Amino acid sequence: LTSVSADPSTTLLNLLTELKPLGPIRAIVVMPGASSILESIVDSSQWTLNEKRMPSGKTLLTAALPDAAKSFELHLDTAVATKATLGYSPKTQGPVVRVLASDGSALLTLLPSKDKAPAFDAVLQQMGDELTLTPTPDQ
């Protein structure tokens with residue numbers, strides 16, 4: 001029996017910060033209806049993470065590699081990404097993190113390195129297997 005806090009909530013920024021050292025990470029984005037799937041493997045330890053309020057009023061979290069070619073950039077709307085699940089994939093037997101919208105639809109799947117499973121277990125124990133993602137408080 002594992003103990004999970006009664007209100008397991010964090011920000012998307014905090015979640016991705018915890019996952020950064022667990023790379024390389026496979027990032028998977030599936031469009032609704034699976035009409036398009038994008039997969040990329042990235043050295044997440046090199047991510048720069050920041051949030052920015054856009055002129056539209058949306059706040060986007062960006063995970064990007066700092067190279068001039070912009071070889072990897074991921075933008076997530078922090079108001080839409082409201083849930084996350086952490087666990088192990090029955091298919092790959094490796095760590096899996098799913099970032100979800102409020103209706104449960106998948107926005108992003110992250111597969112941390114199987115070699116980092118002990119570190120993932122520590123994140124899982126600390127954060128729990130189901131998270132509510134809350135907006136980052138204004139600085």
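Which strands does helix α1 lie across? In this predicted model, helix α1, formed by residues 12-19, lies across β1, β2, β7, β8, β9 and β10. The helix runs at about 85° to β1. To place this contact, the sheet itself must be described.

The sheet is open and consists of 7 strands in the order β1-β10-β7-β8-β9-β2-β3, with mixed pairing. Its edge strands are β1 (9-11) and β3 (37-42), each of which pairs on one side only. On average, neighbouring strands are turned by 25° against each other, direction ignored. Strands of a sheet pair through backbone hydrogen bonds, in either a parallel or an antiparallel sense.

One end of the strand order can be followed pair by pair. Strand β8, residues 95-100, pairs with strand β9, residues 106-111, in the antiparallel sense over 4 bridges. Within these strands, Val 99 stands opposite Leu 108 of β9. Strand β9 is also joined to β2 by 3 bridges, and these two strands run antiparallel. Here Ala 27 stands opposite Leu 110 in β9.

Strand β2, which spans residues 25-30, is joined to β3 by 6 bridges, again in an antiparallel arrangement. Ala 27 stands opposite Ser 40 in β3, and Ala 27 also stands opposite Leu 110 in β9. Strands β2 and β3 form a hairpin with 6 residues between the strands, in which Gly 33 takes a positive phi near 80°.

A further helix, α2, comprises residues 117-127 and lies across β1, β7, β8 and β10. Helix α2 runs at about 135° to β7, a strand that spans residues 83-88.

Key. Residues are numbered from 1 along each chain as its sequence is written. This is a predicted model: local features need pLDDT of at least 70, side-chain atom pairs count only at pLDDT 80 or more; totals for chains, interfaces and linings use all residues. Side-chain values use heavy atoms; hydrogens and water are left out. Two strands pair if DSSP finds at least two bridges between them. Axes are lines fitted to C-alpha atoms, for helices over the stretch in contact, and angles run from 0 to 180 degrees between N-to-C directions. Contact means heavy atoms within 4.5 Å.
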